[in-house]
Amino acid sequence: MPSPGAAEGAAEKTRRSFPWGWLLVPLLLGGVGYVGYRLGQDDAGSAASAGGGFGGAGGGTGQSAPGQAAGGQSAGGQSAGGTGSRSGAGGQTAGAGQSGSAAGASGAAAGAGQTGAGAPGQAAGTTRGTGVTTPVQAAVVKSGTLSTERRLTGTVASAQEVTVSARTSGTVTNIAVDVGGAVNAGQTVLSLSNSDLNTSVESARNALETAQVQLRSQTNSVQSGRAQLQQQVSAAQTTLANAQQSLTALQRLAAIGAASRTEVNNQLAQVQAARTTLTTAQANLAENTRAQTESLAEARLAVQRAQITLNQAQQAAAAVRVTAPFAGQVTGLNVSEGQYLAANSEAFSLVSSQRQVSVSVPATEATTLPVGAALTFVVGQQKYPLKVSQNAGAPTNGSVPLVARFIETTPPALGTVGSVVYTAKVATGVLVPSTALQVDGDRTYVFTIEDGKAEQNVVTVLGQAGTQSAVSGIEAGDEVISQPPTGLLDGAGVTTASAGAGAGARQSSGGAGGPPPGGAP
């Protein structure tokens with residue numbers, strides 16, 4: 001058996017060979033891990049307070065645990081803007097997408113991380129303390145008039161359609177145009193025969209000739225009597241002048257005693273008689289003039305009446321020709337040859353050769369289509385220009401009827417159905433993409449960008465057409481977010497897509513150790 005001294009030596013040897021190094025290594029590793037854990041907790045708290053606990057593009061909760069990335073997606077050390085991790089001692093990560101720090105043993109790196117530049121549609125790396133910056137698409141808006149192309153159904157019809165009636169009665173002797181035939185304005189379609197009309201014309205012509213003869217006879221009689229009366233007036237004037245001269249001479253002689261008073265008185269009586277004769281002659285001439293005015297006026301009136309009667313008879317006789325009031329096509333005949341047609345009876349139907357299209361437009365657009373406005377009638381691939389010829393103005397059942405006529409010489413056939421196309425003014429205002437409009441209850445708003453932040457602006461939609469809307473409530477020149485991301489809030493930090501794509505990426509050298517392990521501490 002061994003001696004006591006040998007046993008003590010063995011025990012001493014056993015005490016000297018205890019592996020203290022193996023005991024210290026775990027302790028050191030644990031201490032280093034604890035320090036890294038605390039630093040990671042501090043970095044994660046800062047990132048969570050700055051970003052609201054969300055990654056730049058909707059990543060995972062930004063709270064880290066030992067072995068996880070701080071910010072961005074927690075699993076696997078991924079960040080919203082890309083992989084942004086560097087491991088410290090013991091494999092711990094200090095902040096993904098940010099510059100982090102970790103305390104490592106044996107020369108482990110302190111605080112290594114990288115900021116990833118996100119691809120389009122992802123957020124660029126967010127700096128702690130400045131909030132999450134969301135990439136958006138934006139456009140500078142302008143004022144203008146929003147227009148749209150309208151297509152309404154229209155049918156080709158005749159511009160005029162009428163049923164022509166006979167103005168007088170008679171027997172149909174000739175039909176010059178059959179159904180479907182084309183006629184010009186004033187062309188005879190059918191003829192009537194009425195012997196009474198011819199007799200009326202002859203009687204009226206005879207009455208006119210008689211009145212004209214009477215007028216000529218009265219005119220000659222009046223002119224002849226006037227000449228005689230004028231001669232009588234001239235003779236009376238001469239007799240009066242001679243009597244006055246003789247009276248003057250006797251008065252001079254009587255003044256010197258060469259003539260008696262009786263001679264003077266007798267000459268004075270002759271002067272008075274001559275004056276009376278002149279007065280009578282002048283009165284007869286005036287009466288003749290009055291008679292001429294009245295009698296000749298009556299004779300002239302009789303001639304005029306006879307002329308009117310003749311004209312009426314001739315018109316009645318001419319009415320036996322039933323003519324087309326305008327150029328067009330005969331669509332129906334109501335008589336046949338040999339048939340008696342009473343006055344004011346329907347003879348035939350006629351449609352004009354001019355074509356038109358009737359269409360009903362919204363009442364709000366009728367004022368923009370006055371008479372003369374240009375439209376287009378589309379049939380298949382063929383286009384025909386139109387011009388508005390009638391605008392009722394007043395709406396009927398919410399729309400206004402318009403009539404537009406073709407301005408080409410070869411319009412489509414009657415009954416052709418096509419599209420009436422025109423440009424309609426929808427509204428005038430600030431033009432924004434319709435995708436920019438957001439609705440919250442009874443409010444409509446858009447986001448503009450002011451100093452890098454989204455600003456909510458309530459707008460009034462004036463009209464929409466296609467992909468654009470006309471609004472009021474913002475100004476031309478504002479930068480409007482065209483497609484606001486879901487959940488975008490007023491005052492949130494934003495950057496345009498072009499700015500996000502160009503954001504610089506910060507990258508620092510990694511510390512010692514491998515990738516951080518997953519899982520909670």
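Which residues does Leu341 touch, not counting residues up to four places away in sequence? They are Ala166, Thr168, Ser169, Gly170, Val172, Leu192, Val335, Glu346 and Ala347. The model is predicted, with a mean pLDDT of 74 for the protein chain. The protein chain holds 6 helices and 25 strands, and 35% of its 521 residues count as buried.

**Confidence**

- A pLDDT of 70 or more is reached by 70% of the residues of the protein chain.
- Residues 43-130 have pLDDT below 50, although this stretch makes 196 contacts in the model beyond near neighbours in sequence.
- At residues 499-521 the pLDDT also stays under 50, and the model has 56 contacts beyond four places in sequence for them.
- Predicted coordinates should not be read in detail where pLDDT is low.

**Overall figures**

- Contacts between residues at least 6 apart in sequence join residues at least 24 apart in 71% of cases.
- About 28600 Å² of the protein chain is exposed, and 51% of that area is supplied by carbon and sulfur atoms.

**Nonpolar cores**

- Nonpolar side chains tend to be buried together in soluble globular proteins.
- The largest nonpolar core has 32 residues, of which Val183, Leu190, Leu192, Val322, Leu341, Phe348 and Leu350 touch the most other members.
- Two or more residues of this core come from each of β7 (170-175), β9 (188-193), α3 (195-256), α4 (261-318) and β13 (346-352).
- Helix α4 gives the largest share of the core, with 7 residues.
- A second core, separate from the largest one, contains 19 residues, including Val361, Tyr384, Val388 and Leu402.

**The β10-β9-β7-β12 sheet**

- Four strands form an open sheet in the order β10-β9-β7-β12, and their pairing is antiparallel.
- The edges of this sheet are β10 (321-323) and β12 (340-341), each of which pairs on one side only.
- Strands β7 and β9 run antiparallel and are joined by 4 bridges.
- One residue pair to look at here is Asn174 with its bridge partner Ser191 in β9.
- Sheet and core share elements: β7 and β9 belong to the sheet, and both give two or more residues to the largest core.
- Leu341 lies within the range of edge strand β12 (340-341), and Leu341 is also among the members of the largest core that touch the most others.
- Leu192, another of those core members, is one of the residues that Leu341 touches.

Definitions and conventions. Residues are numbered from 1 along each chain as its sequence is written. This is a predicted model: local features need pLDDT of at least 70, side-chain atom pairs count only at pLDDT 80 or more; totals for chains, interfaces and linings use all residues. Side-chain values use heavy atoms; hydrogens and water are left out. Buried means under 20% relative accessible area, exposed over 50%, partly exposed in between (1.4 Å probe, protein chains only). Contact means heavy atoms within 4.5 Å. Accessible areas come from the Shrake-Rupley method with a 1.4 Å probe; for residues, only the protein chains shown count as cover. A nonpolar core is a set of buried Ala, Val, Leu, Ile, Met, Phe, Trp, Tyr and Cys residues joined through side-chain atoms within 4.5 Å. pLDDT is the predictor's confidence in each residue, from 0 to 100. Two strands pair if DSSP finds at least two bridges between them.
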